Structure formats: C-alpha cells, structure tokens
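Grab a viewer and a distance tool, and let's work through some side-chain contacts together. Each exercise sets a task and then walks through the solution.

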Amino acid sequence: MDVPRLVVDFNELIETDFILLSKTDVREDSSGNLITLYEGMEVIIFEEDCISRGDLWIKCNLIASGVVEKNSGEFFPYVKWCCRINEKGIYHENEEWHRKYGEVIQC
C-alpha cells in the first residue's frame, strides 16, 4: 500500500518535529480516499506552496514524512492525532530543481 499524502498547515507545528493532524480517526488523503489513522502509521504530509521567479510562479510544495502519534499533550486537547516528522524535516518537494539552479531553500 502506498503511503498516504495528507494536507496540513505547517503553521500548526507544536514542536519543530510535531504537527497537528486530525480531530478524528478518519482523514481524506490528497486523492480523495478516506484513510483511518492509527498509531505508528507512516504518512507524507504537505502544504501547497509556490515560489516566485520574476513573473513566473513555480509550484513548490512543502513536504515531510513521519508517523502518526496520538496527541497526549495538554495543548490542543480537541486534536486526537499528530504527526512526528522524521529526521529529514520539512523541505520543498522539488529541491532538485533548486539544486540545478544553484539554490536550495531550507525551511
């Protein structure tokens, strides 16, 4: 089975590697499929983003991989599930394009 891709808002990071994910057990993935979340589930999370090159806008999503964890913190008690982002962190999906043109954007 493919790893589900879930849309997030990276402004909802509650730690540098921990982000709010869902209030319920079921989330819709980027393909419209309903996904049942569970502890330890691998997911890819992303936020749509663009960068500007003069008059040209290039789609360049922010993306990260991680595992689903139950929210056990005292903050945001209405959120049931979070995602623990792996050691690769948050990066732009098409970093290869940036390397090709001499620029790497760090988040």
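**Exercise 1. Is F76 buried, partly exposed or exposed, and what kind of aromatic pair does F76 form with Y78?**

Start with accessibility. F76 has a relative accessibility of 32%, so F76 counts as partly exposed (buried is under 20% relative accessible area, exposed over 50%, partly exposed in between, with a 1.4 Å probe and protein chains only).

A quick word on ground rules: this is a predicted model, where local features need pLDDT of at least 70 and side-chain atom pairs count only at pLDDT 80 or more, while totals for chains, interfaces and linings use all residues. Residues are numbered from 1 along each chain as its sequence is written, and side-chain values use heavy atoms, with hydrogens and water left out.

Next, the rings. Rings of Phe, Tyr and Trp (its six-membered ring) pair if their centres lie within 6.5 Å; planes under 30 degrees apart are stacked, over 60 edge-to-face, and the rest tilted. The centres of F76 and Y78 are 6.2 Å apart and the planes meet at 85°, so this pair is edge-to-face. The count by this rule is one aromatic pair.

**Exercise 2. Which residue forms a salt bridge with D17, and how many residues apart in sequence are the parts that the pair ties together?**

The cut-off comes first: a salt bridge is a side-chain nitrogen of Lys or Arg within 4 Å of a carboxyl oxygen of Asp or Glu. The count under that rule is four salt bridges.

For D17 the partner is R84, with the closest N and O atoms 2.9 Å apart. R84 sits in strand β10 (residues 81-85) and D17 in the loop between β2 (13-15) and β3 (18-22), so the pair links parts 67 residues apart in sequence (strands are DSSP runs of E, at least two residues, numbered from the N terminus). Both ends are partly exposed: R84 at 23% and D17 at 27%.

**Exercise 3. What joins E69 to a network?**

E69 forms a salt bridge with R84, the closest N and O atoms being 3.3 Å apart. E69 lies in β9 and R84 in β10, so parts 15 residues apart in sequence are tied together. Salt bridges with shared partners then join E15, D17, E69 and R84 into one network.

**Exercise 4. Which charges lie over the faces of F46 and Y91?**

Here the test is NZ of Lys or CZ of Arg within 6 Å of the ring centre and within 35 degrees of the ring normal. R5 lies over F46, 4.7 Å from the ring centre. K88 lies over Y91, at 4.5 Å from the ring centre.

Note on methods: Helices (H or I, at least four residues) and strands (E, at least two) are DSSP runs, numbered from the N terminus.
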